[in-house]
Amino acid sequence: MALSEAADGAGRNHHTVFAAILGTGCGAGISVNGQLLTGPNGVAGEWGHNPLPWTPEAEPRKRPCFCGRYGCIETFLSGTGLSLTHKLRTGQQQPAHLIVENARNGDPQAIDTLQQYLEHLARGLAAVINVLDPDIIVLGDGMSNAEQIYRELPGKLASYVFGGECDTPIAKALHGDSSGVRGAAWLANV
């Protein structure tokens, strides 16, 4: 997705692109000067399996991850993570798309859950900004379709970014759910 969006998507004309997938799982990629950054271990951008910064000590134990650890970013920011946040807050199990829809329609519990999600997302992306300071952050997959992200997230980032300011644009993947497949096809042809 990072390569696709950097080439001719939302990250076009940006030097450093951090592209995060917020779907059933949560991952990311980094493109620098139109080239995919992989690193010597092949894990550059593996954002989803780091702990969510500034998380109260008891919270991670409530969020087991398939990788065998607890409190990974994925367990907060994937659609599954949003559903878990809602269940922990309300006792009700609902799919992510329904929580987002209910929030859009004014349901107070769904609004509270989505606000908590945006705080989690701000903390997770602030850590990326503090380390990488990308020119743009591009979001893709299921949760990226929540329009509230693009209205409300930018104002929350400054609270967590070192220095208290943040001008990093947050954009939805221009090529939508096809962006990852497009990038993979380009890599296969290299």
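## Helices and rings: worked exercises

Helix 3 passes helix 5 in a right-handed crossing. Keep in mind that you're looking at a predicted model.

**Exercise 1.** Work out how helix 3 is oriented relative to helix 5: roughly parallel, roughly antiparallel, roughly perpendicular or oblique.

*Solution.* Start with the axes: those of helix 3 (residues 79-90) and helix 5 (residues 108-131) come within 9 Å and cross at roughly 125°. Next, the cut-offs: 65 to 115 degrees would count as roughly perpendicular, and over 145 as roughly antiparallel. The angle fits neither range, so helix 3 is oblique to helix 5. To find the contact in the structure, look for Leu 82, Thr 85, His 86, Arg 89 and Thr 90 on helix 3. Their partners on helix 5 include Gln 109, Asp 112, Tyr 117 and His 120.

**Exercise 2.** Find the aromatic pairs in the whole structure and classify each one.

*Solution.* The search turns up two. Take Phe 18 and Trp 47: their centres are 5.7 Å apart, with 85° between the planes, which makes the pair edge-to-face. Phe 18 sits in strand 1, while Trp 47 is in the loop between strand 3 and helix 2, 29 residues apart. Phe 18 has 3% relative accessibility, so it counts as buried; Trp 47, at 5%, counts as buried too.

Now for Trp 54 and Tyr 160: with ring centres 5.4 Å apart and planes at 35°, this pair is tilted. Trp 54 lies in the loop between strand 3 and helix 2, and Tyr 160 in the loop between helix 6 and strand 5, so the pair ties together parts 106 residues apart in sequence. Trp 54 has 47% relative accessibility, so it's partly exposed.

Key: Residues are numbered from 1 along each chain as its sequence is written. This is a predicted model: local features need pLDDT of at least 70, side-chain atom pairs count only at pLDDT 80 or more; totals for chains, interfaces and linings use all residues. Side-chain values use heavy atoms; hydrogens and water are left out. Rings of Phe, Tyr and Trp (its six-membered ring) pair if their centres lie within 6.5 Å; planes under 30 degrees apart count as stacked, over 60 as edge-to-face and the rest as tilted. Helices (H or I, at least four residues) and strands (E, at least two) are DSSP runs, numbered from the N terminus. Buried means under 20% relative accessible area, exposed over 50%, partly exposed in between (1.4 Å probe, protein chains only). Axes are lines fitted to C-alpha atoms, for helices over the stretch in contact, and angles run from 0 to 180 degrees between N-to-C directions. Angles under 35 degrees count as roughly parallel, over 145 as roughly antiparallel, 65 to 115 as roughly perpendicular and the rest as oblique. A crossing is left-handed if the near helix is turned anticlockwise from the far one by less than a right angle, and right-handed if clockwise. Contact means heavy atoms within 4.5 Å.
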